[in-house]
Amino acid sequence: MAVYITHSKEETMALARQLSKQLQNGGLIAFTGGLGAGKTAFCTGLAEGLGCTDEVQSPTFSIVNVYRGKITFAHFDMYRISTEEDLYAASFYDYLDSGAVVAAEWSENIAQFLEEPYIKINIEVLGENDRKLTIEGAAPLEETPDAAQNGLA
Amino acid sequence: MSEMTLAVDSAGKAAGIAILRDEALIYESYLDAGLTHSETLLPMLKSALAAAGIAPAEINLYAVSAGPGSFTGLRIGMALAKGLALPNHTPCIGVSTLEALALSVFVPQGSIVVAAEDARRGEVYYAAFEQTAEGLHRLCSDTAGKPCEMQEMLENAKKSVFIVGDGAEVCYNNLEKNLTLTVLPAHLRKGRASGVAFAARVACARGENTDAALLAPEYLKLCQAQRERQEKLKGSETT
């Protein structure tokens, strides 16, 4: 388990881009954390890192958004998903089986149906721009490598 | 005149098309290259008809695997079969993916074939059949659950058991070894479109309905324990 503090949306995205290097063969990321914590920002960084060209948007209403690219990225919002049937009918397992990167926001709702190993990310709001990201199940990431550069620019 | 059956299999990761002339397989394809069925199945169908020199109007029966299987895959297969059947009101039949799987492989007469597809977290979709002189005799209905649920049934049958499907290893590892268990080699334990076609012929002979309008996927059969657990969770949420 590793804890990272980011101070801007850009830093959160940079951290996600780094994590994407560990997901070149697909994988599952389960997010926990409330509204406005930065899950979608993190997913935008992931999509960039995975070479996806479609625009990342919150899947709150669609339940799943799929971004095409070098690696397919299926971005789920589980807020309204609570049963295994729902999960199945949202094609969750199909995307996992296809070797895509699958990210699930509000994964609390479906935790009992997830199969290890997967990456757990909790995002906590510390202040207006500060976020605490707790990442389990991933290799250590460099602390916001291009954030410093952004600061200098 | 001979009866032409065209079978579509897209229930799992692999896609396949098979054509039978009466009981004889005249064409079969199998594709498991990680591509999407929605993109591959129609070109595969076109190639099949072209290679076999058959026009769609000559097909007398469309067969499709109806589940259990992948949600997206089942819907793609169903949509294709229904669409094909529509112009000429061709009979159309959905078959159990597990029965089709059991008919895709060879096991000796007097032995049992367990068809098992992985259902995650140590569970499988399974069905068991005995190979008899008259064909496969079903020993249990399609079920979702732990492989150990089959233990007693298989012990009582006192026969050699061959396990096929992508849930074969999960079954093998979770059944007690007082059974004579054989897992068929990986390339010989996959479901094929010909199995779907043969299962459809058997289902037609049983007099099952062949109206395309009534064709529907058999998605997921959660076992009793799972349903109860979900009910309990729902109950605890509302109170």
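Hi everyone. Two strands count as paired when DSSP finds at least two bridges between them. Keep that in mind as we look at this structure, which is a predicted model.

Let's start with chain A. Ala30(A) has a bridge partner in β5(A), namely Ala104(A). Zooming out a little, strand β2, residues 27-32 of chain A, and strand β5, residues 101-105 of chain A, run parallel and are joined by four bridges.

Those two belong to an open sheet of seven strands in chain A, with mixed pairing and the order β1-β7-β6-β2-β5-β4-β3. So what about the edges? β1 (2-6) and β3 (64-67) of chain A sit there with a single partner strand each, so one side of each has no neighbour in the sheet. From one strand to the next, the twist averages 20 degrees.

Now the helices of chain A. Helix α1, residues 9-20, packs on the sheet and touches β1 and β7 (131-136), and its direction makes about 145 degrees with that of β1(A). Helix α2, residues 39-49 of chain A, lies across β2, β3, β4 (73-77), β5 and β6 (119-125), running at about 175 degrees to β5(A).

On to the nonpolar cores. The largest has 66 residues, and among those with the most contacts inside it are Ala7(B), Ala115(B) and Tyr126(B). Helix α2 of chain B, residues 71-85, supplies the largest share of this core, seven residues. Domain 1 (4-98 + 191-220) and domain 2 (105-188) of chain B each contribute at least three residues to this core.

And back in chain A? There is a second, separate core of 44 residues, including Tyr67(A), Ala103(A), Ile110(A) and Ile135(A). Thanks for listening!

Key
Residues numbered from 1 in each chain as written. Chains lettered and ligands numbered in written order. Predicted model: local features only at pLDDT ≥ 70, side-chain atom pairs only at ≥ 80, totals over all residues. Axes fitted to C-alpha atoms, helices over the stretch in contact; angles between N-to-C directions. Contact = placed C-beta atoms within 7 Å. Core = buried A, V, L, I, M, F, W, Y, C linked by C-beta atoms within 7 Å. Buried ≥ 20, exposed ≤ 12 C-beta atoms within 10 Å, placed from the backbone. Domains from an automatic or database assignment.
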